[in-house]
Amino acid sequence: MEKELSAAVYDNLFTINNLWILISTALVFIMHLGFASLEAGLTQSKNTINILFKNSIIPGIGLLTYAFIGFNLMYPGSDYAGGFLGFSGFWIHTDPSGLTKDYNMGYTYWTEFLFQGMFAATAATIVSGAVAERIKLSSFLIFSTVFVAISYPITGMWKWGGGFLDQLGFYDFAGSTLVHSVGGWGALTGIILLGARKGKYVGNKINPIPGHSMPLATIGVFLLWLGWFGFNGGSVLSADPAAVSLVLVTTSIAAAAGGVAAAFTSWFYLKKPDLTMLLNGILAGLVGITAGADVMSPFEALIVGAVAGVIVVFSVIIFDRLKLDDPVGALSVHLVCGIWGTLAVGIFGQLAGFDQLISQIIGIVSVGAFTLLFTYILWYLLKKTIGIRVSESEEYEGLDLGEHGMEAYPDFEKLV
């Protein structure tokens, strides 16, 4: 009788765990709508169709390429433990045990694939915002396909797939480095080879190019905050009440602190309370806590988020002064605050210590160096073959008409 009761309890626990991961997967999926709204809102109206097209097709490209090759590159199996590269074959497949608790007490094989696939597509979405308003659609789609299929899974394997960084003790709970900084490095190389938007930098003057819809951008940030409950909460990889509730609290505290810190920093430094800085501050706090959401106390999460909120304001300003044109602030939010959040694991929380900090630095440098080299070569090959930038006339007219032959606001354009 006790054995039967025990089996039933474990079956129910397995079902609850699996359901939570699937709910988290749906929340991460919603983040793509958040990215689309944020990016569209922070760019010019003449490029809205292009922005929405990219953000709508990226989840499709991400899931298909991740199913074809990426998942088995990232999780090649125990034979490649401690390694730099592994591969367990093309396409996703499992035997009957992959659908039971024998595979994992927290989820089935299919649940794991879908959850991780949503993460993979997120990395390419980060790049989209940074290269917006002047990137060729065809080149961006080729880049995204290769990036999600090969680059992202290889560095992900180094930690989450049991590779050499995992053996070293590097810690990245939900991807401050493995998702956000990876996307940020890919964005940086794209910006360098692509160049700035026309009119953004003239001589030593920085000319702001304001976004066309702050309401849309604000909606995007709140959708992303909602999705982060799945991004971080699902990364517990079970429905453990203590762990999940702590992660959701630290995630929210960091987001709140990041937003408040960025708002008041921009108000003090720029003399006006800047909504875009507030919005990016919220995201900065979220990115910053993602590496250590499960090992931080709420007060430590407040510190991590607040520091991220201050960092993001000055990072946006510095990148502009370096003439690295990033329409949505993706480099500052995802790359810079991703690095900060990963370092913070060695400074705050349960794992804090000198040895852990060294492991975090090695992880940041290793992932950054590989991603920089891989994405620079990829962007460079695209630039020298099919080109990566639209023509000057297309950029002036808008990518909606130049690339798609459509307008997002046709009635409004006629009135103007």
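# Reasons behind the labels

Reader: Why does Asp 166 count as partly exposed?

Author: The model is predicted. In it, Asp 166 has a relative accessibility of 31%. Buried requires under 20% and exposed over 50%. The value for Asp 166 lies in between, so the residue counts as partly exposed.

Reader: What makes Asp 166 and Lys 159 a salt bridge?

Author: The N to O distance between the two side chains is 2.9 Å. The cut-off is 4 Å between a side-chain nitrogen of Lys or Arg and a carboxyl oxygen of Asp or Glu. A Lys and an Asp at 2.9 Å meet that rule, so the pair is called a salt bridge.

Reader: Is Lys 159 buried or exposed, and why?

Author: Lys 159 is buried, because its relative accessible area of 12% falls under the 20% limit.

Reader: How do you know that Arg 389 and Glu 395 form a salt bridge, and how accessible is each?

Author: Their side chains meet at 2.8 Å, N to O, and the limit is 4 Å. Arg 389 has 22% relative accessibility and counts as partly exposed. Glu 395, at 6%, counts as buried. The 20% boundary lies between these two values, so the partners get separate labels.

Reader: How many salt bridges does the rule give?

Author: The count is seven. One of them joins Arg 197 to Glu 133, with the closest N and O atoms 2.5 Å apart.

Reader: What parts of the chain does the pair of Arg 197 and Glu 133 tie together?

Author: Arg 197 is in the loop between α6 (176-194) and β1 (201-202), and Glu 133 is in the loop between α3 (109-130) and α4. The positions are 64 residues apart in sequence, so the salt bridge ties together parts with that separation. Both Arg 197 and Glu 133 are buried. A network of salt bridges links these two residues with Asp 325.

Reader: Why is the pair of Phe 143 and Phe 147 called stacked, tilted or edge-to-face?

Author: The structure holds 26 aromatic pairs. For Phe 143 and Phe 147, the ring centres are 5.2 Å apart and the planes meet at 20°. Pairing needs centres within 6.5 Å, and stacking needs planes under 30 degrees apart. Both conditions are met, so the pair is stacked.

Reader: Where do Phe 143 and Phe 147 lie, and how accessible are they?

Author: Both are in helix α4 (residues 137-159), four residues apart, about one turn of the helix. Phe 143 has a relative accessible area of 0%, and Phe 147 also has 0%. That is under 20%, so both residues are buried.

Reader: What makes Phe 222 and Trp 225 an aromatic pair, and of which kind?

Author: Their ring centres are 6.3 Å apart, which is within 6.5 Å, and their planes are at 20°, which is under 30 degrees, so the pair is stacked. Both residues lie in helix α7 (residues 214-233), three residues apart, about one turn of the helix. Trp 225, at 17%, is under the 20% limit and therefore buried.

Reader: How do you know that a charge sits over the ring of Phe 140?

Author: The charged end of Lys 54 is 5.0 Å from the ring centre. The distance limit is 6 Å, and the charge must also be within 35 degrees of the ring normal. The charged end of Lys 46 sits over the ring of Tyr 396 in the corresponding way, at 5.7 Å from its centre.

Reader: What makes Ser 359 and Leu 168 a polar contact?

Author: The side chain of Ser 359 reaches the backbone oxygen of Leu 168 at 3.4 Å, and the limit for a pair of N or O atoms is 3.5 Å. Ser 359 lies in helix α12. At 9% relative accessible area, Ser 359 is buried.

Reader: Which residues make the nonpolar surface patch, and why can Ile 318 belong to it?

Author: The patch covers about 650 Å² and consists of Phe 268, Tyr 269, Leu 270, Val 310, Phe 314, Ile 318 and Leu 322. Patch residues need over 30% relative accessible area. Ile 318 is at 45%, so it passes that cut-off and counts as partly exposed. Ile 318 is found in helix α10. Helices α8 (241-270) and α10 (298-321) each supply at least two residues of the patch.

Definitions and conventions:
Residues are numbered from 1 along each chain as its sequence is written. This is a predicted model: local features need pLDDT of at least 70, side-chain atom pairs count only at pLDDT 80 or more; totals for chains, interfaces and linings use all residues. Side-chain values use heavy atoms; hydrogens and water are left out. Patches are made of residues with over 30% relative accessible area and no salt bridge: like charges are joined within 9 Å, nonpolar side chains (Val, Leu, Ile, Met, Phe, Trp, Tyr) within 5 Å. Accessible areas come from the Shrake-Rupley method with a 1.4 Å probe; for residues, only the protein chains shown count as cover. Buried means under 20% relative accessible area, exposed over 50%, partly exposed in between (1.4 Å probe, protein chains only). Rings of Phe, Tyr and Trp (its six-membered ring) pair if their centres lie within 6.5 Å; planes under 30 degrees apart count as stacked, over 60 as edge-to-face and the rest as tilted. A polar contact is a pair of N or O atoms within 3.5 Å; within protein, one must be able to donate a hydrogen and the other to accept it, and residues adjacent in sequence count only if both atoms are side-chain atoms.
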